[in-house]
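User: Hi! I'm new to this structure and would like to know how its labels are justified. Could you take me through a few of them?

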Amino acid sequence: MRQIKACKLPFLLFILTLCAVEARAQAPEIVPESIQIGLSTDRVTITSDFSGADLTIFGALDNADPMVARQGRYDVIVVLEGPARPVVVRKKTRVLGMWINTQSETFVNVPMSYSVATTRARQDITNTANYKQLALGAENVNITPYDRNGDPVTLEEFSNALRERKKASGLFSERIGGVQFLSQNLFRATLHLAPNVPVGTHRARAFLFKNGVFIKENSAQLAILKAGFEQRVYRAAQNHGFLYGIAAVLLAFVTGWLGRIIFRRD
Amino acid sequence: MGIYLPIAEMSVNMVVILAMGAAVGFLSGMFGVGGGFLITPLLIFYNIPPAIAVATGANQVVASSVSGALVHLKKGTIDFKLGTVLLVGGIAGSTLGAWVFALLRSVGQLDLFVSLVYVALLGTVGGLMLVESVRALQRARTGATPALRQPGQHNWIHRLPFKMRFRQSKMFVSVIPVLGIGAVIGFLASIMGVGGGFIMIPALIYLLKVPTNVVVGTSLFQIIFTAAYTTIVHSTANQTVDIVLAFLLMVGGVAGAQYGARAGQKLRGEQLRALLALLVLAVALRLAFDLFVRPASVYSLTGL
């Protein structure tokens, strides 16, 4: 181990010097690449016929090296992260032959949804260590346990279960090839909004990689709201629960009475 | 065709919900019950969160009971006095039920409790009714007259104090069991999201010996108000009534109920009771299956 390191070091230094020399020779003031994204709208409204949707995000690379772009060695990952809320994960175990919730762990800042679009399969873009460092991808997104001093094995188990359940409900999703380059520096990302997408402020983040190295990140906000009627119903239920209940009962009386008149069969 | 539910915060297929309402409405019209004990489990199977399924189920029961009670109002087969006393007990039970509901929800055992109550109650009621109706069917075949109400024969219930006369039901009984039945059913109604007709009907027939012809109308009459009260309590305390979902169920339900009531008139009383018993048992078995068989995932997520 030590030996390998020893031989590698001079070699690395040599390469670095070479690169530096080369860079200085080519362009004295090289500007690093950066990434921009733009949403066609900063709000998505959920109307009564909403049953999931595709969200398109356009973006561009600045100062892209045409050479690298031509070889397809720029990669982009776009993430749409839902608002964070606390979540309780419960585990059922068998008690007296019945499956009963017995254990639970609370996590405080779980993104309610997390959908990812990539240019290629994730393992082809960069390595796991980089993903972990960037907290990128459903398995790396930060979720903090409420009880920080809990048993790490249990916390690991429950946080994995949380991610797995979120994936199963379609709220954590990944679309390989969801980001496509339209030209050398223009790309389009298509992300899926699940039918049960949480309302609130979502954050779209775009990550740029070059030859497997993370270069730059940029983000934009997106509000997902219930449309007028749905929002009013929700507000009424939350703020005027009693009156809302009376209205629900009156509606039931009228429907029952009308149904009797319209569909009378005796 | 998708429709977004503003309280459940999810998109569901409108046709499925309408069909669900219609199917349950047909059965409820046929058997003279609200159908809540079918609607709530069906909604839960359809991934509606249990808390919303229960509260919304209660709201739907109001519509189907109004629709059903109107038929009985016209026929004059409602004992308003008996219904009102049952209701007084029902309101008390329902208040307690909503409180227990909120408590169980916060400790994460709501689903278990709801399932257990369903399995135990539906299993017992379904089993008893099946045995009774099969016997009645056998008696009918051998030519003996069915004798549900035997004048002069009194059980312990008829020896309790505070007697009250119920003219329409031709009864003179203590108010204690009447209030008690009302309270127990009100409690269960608010926890299960049901009107309680499937317990109320056998309780009135077998315990209080109310004549069969006024049982269904009276039960429906009191269920309207117990379910309405449950809806308001849930809406105030838990904000879990989804009015869009409830409306779809109601529309399907009241349409189905009228056809079901007509189908029911073609069947004999014992046959109806035997079929209802089988239906109740089937729901109980389905729920027991979920309780005792390893779930697809042992983990579940809830918000805080």
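User: How many residue pairs are in polar contact between chain A and chain B, and what makes a pair count?

Analyst: There are 13 such residue pairs between chain A and chain B, both residues at pLDDT 80 or more. A polar contact is a pair of N or O atoms within 3.5 Å; within protein, one must be able to donate a hydrogen and the other to accept it, and residues adjacent in sequence count only if both atoms are side-chain atoms. This is a predicted model, where local features need pLDDT of at least 70, side-chain atom pairs count only at pLDDT 80 or more, and totals for chains, interfaces and linings use all residues. Residues are numbered from 1 along each chain as its sequence is written, chains are lettered from A and ligands numbered from 1 in the order in which they are written, and side-chain values use heavy atoms, leaving out hydrogens and water.

User: Why is the pair B:E9 and A:K226 called a salt bridge?

Analyst: The term asks for a side-chain nitrogen of Lys or Arg within 4 Å of a carboxyl oxygen of Asp or Glu. The side chains of B:E9 and A:K226 meet at 2.8 Å, N to O, so the pair fits the definition. The count between chain A and chain B is 1 salt bridge.

User: How many residues are in contact across the two chains?

Analyst: With contact meaning heavy atoms within 4.5 Å, 58 residues of chain A touch 55 residues of chain B.

User: Why is A:I262 called exposed?

Analyst: Its relative accessibility is 58%; exposed means over 50% relative accessible area (1.4 Å probe, protein chains only), so A:I262 qualifies.

Notes:
Buried means under 20% relative accessible area, exposed over 50%, partly exposed in between (1.4 Å probe, protein chains only).
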